[in-house]
Each structure stands twice: as C-alpha cells, then as structure tokens.
Amino acid sequence: MRVVKSLAFLKLTLFHSFKNSFFRLLKTWACKCLERVICKTFKDKERIRAAGRSSAAVLDRLCAMVEPGLSTWEIDEAGGEFMKDMGIKSACKGYRSGYRVFPSYTCLSVNDEIVHGIGVKERILKEGDVISVDVCIREDGFVGDNCRTVPVGQVSPEVARLLRVTEESLYIGLVHALHKKRVGDIGNAVQRHVENEGFAIITNFVGHGVGRTLHEDPQIPNYGKPGAGAQLRKGMAICVEPMVNTKSPRVRMAKDGWTALAEDQLPSAHFEHTMLVDEGIPEIVTLPPGYHHATKFLKTKLEQLSLPIELDC
Ligand code: MF3
Ligand code: CO
C-alpha cells in the first residue's frame, strides 16, 4: 500500500514538473516570436532609416513653402508631387479607419485643428495662423512618419510659446526611447513639461510603433507614470508625437470624420519623429536634409532649444 502511494506521488510530481517546464518553454517561445515581430532586423532598420529620411525631406520642403494666401489643398498637392518625384508613396492617402478612407497625401491641421486635417481648397492660410504639417510615407515596404507645427508669418507670443513648448516636449520625451525603458517614461516626461508650462496634453491620440504599417504596437501615450507601461526593446521603431492644446485637452471631431478639433477653439500644436530604440542613445530617423548623423542632429536640437539634457555617449 505504502509503495503504491509513493509511486502515485512520484507520478504526480513528475507530471507537475513536466507540465511546468512545458509551459515555461511555451512562454519563452511566445516572447521570442513577439520580439521578432516588434523588433526590426538589421535590414529592416536600414529601410526604416531611408523611409524616415525621405519623409523628413518632404516635410522640410512643405514647411518651407508655408505662407499667407496658400490653401491647404495646394500644400497637399505639392506634397503628392514631391513624393512622386522621389518615387515614394503617401502612407496617409487611402489609410482606412473602419469604413472611412483618408483622402489626402498629407495631414494639414490649421489652428484649432489638432491632427488628421485634410487639404482643402477653401482653407486659405492667413498671417498669424499655425499649421501642423504631418508627413507619412512608404518606401521599400517601410513607413516614415513625422510632423512639425509652423507659424504662418508672424504669430502672437503666446502661440509662439505653444509651438516652442510642444517641440521641447518631443525632445524631452524621445530621449527616453531607450532599450529596457518603458513607454511611461516617455509619456511622463512629455506630460510634466507641457503641464508645467500651463498647456494641456491631448490624451485621445497617442504615438505608436511603426514598421511595414503606420500604426503598430506599442502605443506611445504623451502621459503616464515613470517605469509603467510596455517595455521598449532594442530594434523597435516608434513614433513619439506630442499633441498639445492651449487650454483644454478636450477634443471634438469635425464633420469630415477625420479632423480632430480643440473643443475650446484655441490653437493646437503637434511635433513628431520616428525613432529606432537602442542602448545608450536614441536614434531619430526622420533627419532633415543636411543631417547624416542622428546623434549630431539630436545634440544640435537640444542645443537650439536650450534643453539641459545629458546624453549617455
Ligand atoms: N502622424 C499621424 C498619425 O500617426 C499620421 C496619420 S495619417 C492618417 O496618426 F492617414 F491616418 F491620417
Ligand atoms: Co504618427
């Protein structure tokens, strides 16, 4: 009887240890697969760098042409032409959200339009406006996504401050895009800077992973707690994109079904870069023309904006 009992016990123990190691193996395998999907290979990274550089070149040219009297349709058409000349495609045009299809080559959002504005003939820029120029392109199978809000002629000091603080918050956030850090580290840094300056962070829209498609996991919110949320890993590509309103964070949708508007009708700003996560120093891939080294560009930007951030290199 005793022998039988201990044999049964042995069987049970063996069964449990087999079951546990099976599940452990399954877990490791699942994690590896997930990492392979989210993290990019060396070749993918080269393609993401190329797509980032091209999207930044288009963005630069469009921002340079902004002036009073121009319609957002004209800017969008120019964007489509630049893309055609460069042999690349818009990742916005034809983008689907449910049954809706995004109609223009770029997203152009004026004043209280926060994000996803459509280029239209009736929207004529005037002195004192601000316009967010958001360019996402596809090149060799990969997407590059970047945005900048620029003044139309001379803007009021308060609006100029909104643009400066939003751009600063992008760089203050993206320096946390490092191996093993968490999305909450980026979000918290962005949010603290914006709110310290008395502006409002938009929470309805967030940054995102990027790769063969425009919006991939993980989400990159512009708010959060340090050390919280998804962990960033070497080789991930992400878009950091703070959207900031002057006073209220509340958002409402325009009738066109795409444009997000500030409920209080005050100006809004949006800055974005595509990043490759690494150890030591974060890599911006949406480098404007004239920059060949991501680190040099980041250092120049931090200096220009007088941000006292020490880079680990
Ligand atoms: N940078 C914007 C975003 O990530 C670009 C959107 S393109 C659109 O949401 F087609 F979705 F509008
Ligand atoms: Co984006």
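This is a guided tour of a predicted protein model, moving from the whole chain to single residues.

**Before you start**

Residues are counted from 1 along each chain as its sequence is written, while chains are lettered from A and ligands numbered from 1 in the order in which they are written. Because the model is predicted, local features need pLDDT of at least 70 and side-chain atom pairs count only at pLDDT 80 or more, whereas totals for chains, interfaces and linings use all residues.

**The whole protein**

Begin with the full C-alpha trace, which spans about 95 × 45 × 45 Å along its principal axes. In cartoon view you can look for six helices and 17 strands; here helices (H or I, at least four residues) and strands (E, at least two) are DSSP runs, numbered from the N terminus. Of the 313 residues, 44% are buried, where buried means that 20 or more other C-beta atoms lie within 10 Å of the residue's own, exposed means 12 or fewer, and partly exposed lies in between, with C-beta atoms placed from the backbone. Among the contacts with a separation of 6 or more, 71% join residues 24 or more positions apart, a contact being a pair of residues whose C-beta atoms, placed from the backbone, lie within 7 Å.

Next, colour the model by pLDDT, the predictor's confidence in each residue, from 0 to 100. The protein averages 93, and 92% of the residues score at least 70. Select helix α1 (residues 2–38) to see the element with the lowest mean pLDDT, 64, and then strand β15 (residues 268–270) to see the one with the highest, 99.

**Helix α3**

Now select residues 72–86, which form helix α3, a run of 15 residues whose end C-alpha atoms are 21 Å apart, in agreement with the expected 21 Å; the expected span of a helix is 1.5 Å times one less than its number of residues. Show T72, I75, D76, G79, F82 and M83, which are buried in α3. Looking down the axis of α3, you will find that its buried residues fall within an arc of 115°, so they line one face of the helix; this arc is that of the directions from the helix axis to the C-beta atoms. An α-helix has 3.6 residues a turn, so residues three or four places apart point the same way. On the other side of α3, K84 and D85 are exposed. To see what the buried residues of α3 pack against, add α2 (42–65), β1 (89–90), β4 (107–110) and β6 (130–139). Just after α3 comes G87, with a positive phi of about 75°.

**Two loops**

From β4, step into the loop that leads to β5 (113–115), where N111 has its place. N111 is not a glycine, yet it has a positive phi of about 50°, and it is buried, with 22 other C-beta atoms within 10 Å. Then move to D140, in the loop between β6 and β7, which also is not a glycine and has a positive phi of about 50°. D140 counts as partly exposed, with 14 C-beta neighbours inside 10 Å.

**Around ligand 1**

Which residues are the closest to ligand 1? Select C92, Y95, F102, H116 and D134, the closest of the 13 residues that surround ligand 1, a residue being near a molecule if its C-beta atom, placed from the backbone, lies within 6 Å of it. The elements that give two or more residues to this shell are β6 and β7 (142–151).

**Helix α5 and a cis peptide bond**

Select residues 183–196, helix α5, whose 14 residues reach 20 Å from the first C-alpha to the last, close to the 20 Å expected. Is α5 largely enclosed or exposed? In α5, 11 of the 14 residues are buried, so the helix is largely enclosed by the rest of the structure. The buried residues of α5 pack against α4 (157–174), β8 (200–201), β10, β11 (237–240) and β12 (243–245). After α5 comes G198, whose phi is positive, near 85°.

For the last stop, go to strand β10 (residues 216–220), where P218 is found. The peptide bond from D217 to P218 is cis, with omega near -5°.

How values were computed. Two residues are in contact if their C-beta atoms, placed from the backbone, lie within 7 Å.
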